[in-house]
Amino acid sequence: MLAQETVGGTVTDFKMPVHDTQNRLRSLVTGKSAKTVGGLTVLRLEGLRLETYGTNGALDLVAEAPECIFDIKTKTASSAGALKAEMADQRLSISGVGFEYRQDEGTLVVSNQVRTMLRRELIMPRAKP
Amino acid sequence: MKHFFGTIFSFSLTTFLAIAQNAAPATDKTPAPPINVTADRFEFDSKKGLVIHSGNVKVTDGEMKIACGVLTVKLPVEGASRVESIIAEQDVVLEQSGSRATAEKAIYSFSVTPTATNDVIELRGNPVLETPEVTIRGDVLIYDRVLDTFVADKNIRTTFRPGSAKAPSFPFPGMSRTNAPKK
């Protein structure tokens, strides 16, 4: 866990990276602020941003939420609130309410009011002019 | 009234099921509208490259609407530009222009080989295609997006509705029949 500044129990610029066995960055959870809410390992993050990366190092998916609870032990972010996510190439975007992200497993579940937009280029090739 | 055409029966979809307009490749000049999906639940597995929608899944793709229980999208592998497959399962219903196809499973797949481009939607599990003029059942119904044809294979049962406003004669326009033996 990385943090830039600590002010009265609140951490600003919270960062939790996860690397694979070859030390490649595979995901990054950040929060504008983090405050302990249950012992020292459960944090309330505000300004959540999730990033996942491919094995080639390219940014894969970005998700953002106003707030969430983050468990440092299990590296799980969850919230009953809203979340928006988008693939880095913007070909798939999603919004919904209520989510859980398991950082080690690389899984994101959105449990209500899911709306997804798939750009057609993800499905079929563009014709040559 | 039923007709059995042998093992393979195909006809132009433009006559009955105008999915073609959605299947046509987008041009660079006119950006195609996106495909919208609503569902109760969404799961993304970044390691497996899977996106799974479940619960009251509804897909709107232009005039075509798809409803199903589960929709699984296999995202492109690194370096590829297109999804590997899209699978709709559980009470799949495709509707467009007054035509309706139902099945337990619909599989969209795309692949390119040195000799062919396969771009098909395959309906399995009691698939039925219903148009105002005809109902077609088979063990498998396959929509070939490249050839713009719909092929019914194995145990084909076709029911015409003579009383319909556009009751087709036989062979009706746009239909082709294949008697070639199966390879």
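Here is a friendly talk about how the terms used for this predicted model are justified.

Mentor: Residues are numbered from 1 along each chain as its sequence is written, while chains are lettered from A and ligands numbered from 1 in the order in which they are written. The model is predicted, and local features need pLDDT of at least 70, side-chain atom pairs count only at pLDDT 80 or more, and totals for chains, interfaces and linings use all residues.

Trainee: Why is B:Ile156 called buried or exposed, whichever applies?

Mentor: A residue is buried if 20 or more other C-beta atoms lie within 10 Å of its own, exposed if 12 or fewer, and partly exposed in between, with C-beta atoms placed from the backbone. B:Ile156 has 21 C-beta neighbours inside 10 Å, so B:Ile156 counts as buried. B:Ile156 is found in the loop between β13 (149-153) and β14 (157-160) of chain B. Across chain B, buried residues make up 26% of the 183 residues.

Trainee: What makes a stretch of chain B a helix or a strand, and how many of each are there?

Mentor: Both are DSSP runs numbered from the N terminus: helices are H or I with at least four residues, and strands are E with at least two. By that rule, chain B comes to two helices and 15 strands.

Trainee: How do you know that β4(B) and β5(B) pair, and in which sense?

Mentor: Two strands pair if DSSP finds at least two bridges between them. Five bridges join strand β4 (residues 41-45) of chain B to β5(B), and the two run antiparallel, so they meet the definition of a pair. One of the partnerships sets B:Phe42 with B:His53 in β5(B). These strands form a hairpin with four residues between them, and B:Gly49 in the turn has a positive phi of about 70 degrees.

Trainee: Which strand pairs with β5(B) over 10 bridges?

Mentor: That is strand β6 (residues 64-74) of chain B, in the antiparallel sense. Here B:Leu50 has B:Lys74 as its bridge partner in β6(B). The hairpin of β5(B) and β6(B) has two residues between the strands, and B:Gly62 takes a positive phi near 65 degrees. Strand β3 (residues 35-39) of chain B also pairs with strand β5 (residues 50-61) of chain B, antiparallel over three bridges, and B:Val37 stands opposite B:Val59 in β5(B).

Trainee: What makes residues of chain A and chain B count as in contact, and how many are there?

Mentor: Two residues are in contact if their C-beta atoms, placed from the backbone, lie within 7 Å. In this model, 29 residues of chain A are in contact with 23 residues of chain B. The largest share of the chain A side, 11 residues, comes from β8(A). Four bridges join β8(A) to β4(B), which run antiparallel, and A:Val109 stands opposite B:Glu43 in β4(B).

Trainee: How do you know where to trust chain B, and what is its mean pLDDT?

Mentor: pLDDT is the predictor's confidence in each residue, from 0 to 100. The mean pLDDT of chain B is 74, and 69% of its residues reach 70 or more. Over residues 1-27 of chain B the pLDDT is below 50, and over residues 167-183 of chain B the pLDDT is also below 50. Where pLDDT is low, the predicted coordinates should not be read in detail. Chain A averages a pLDDT of 89, and the model scores ipTM 0.84 and pTM 0.77.
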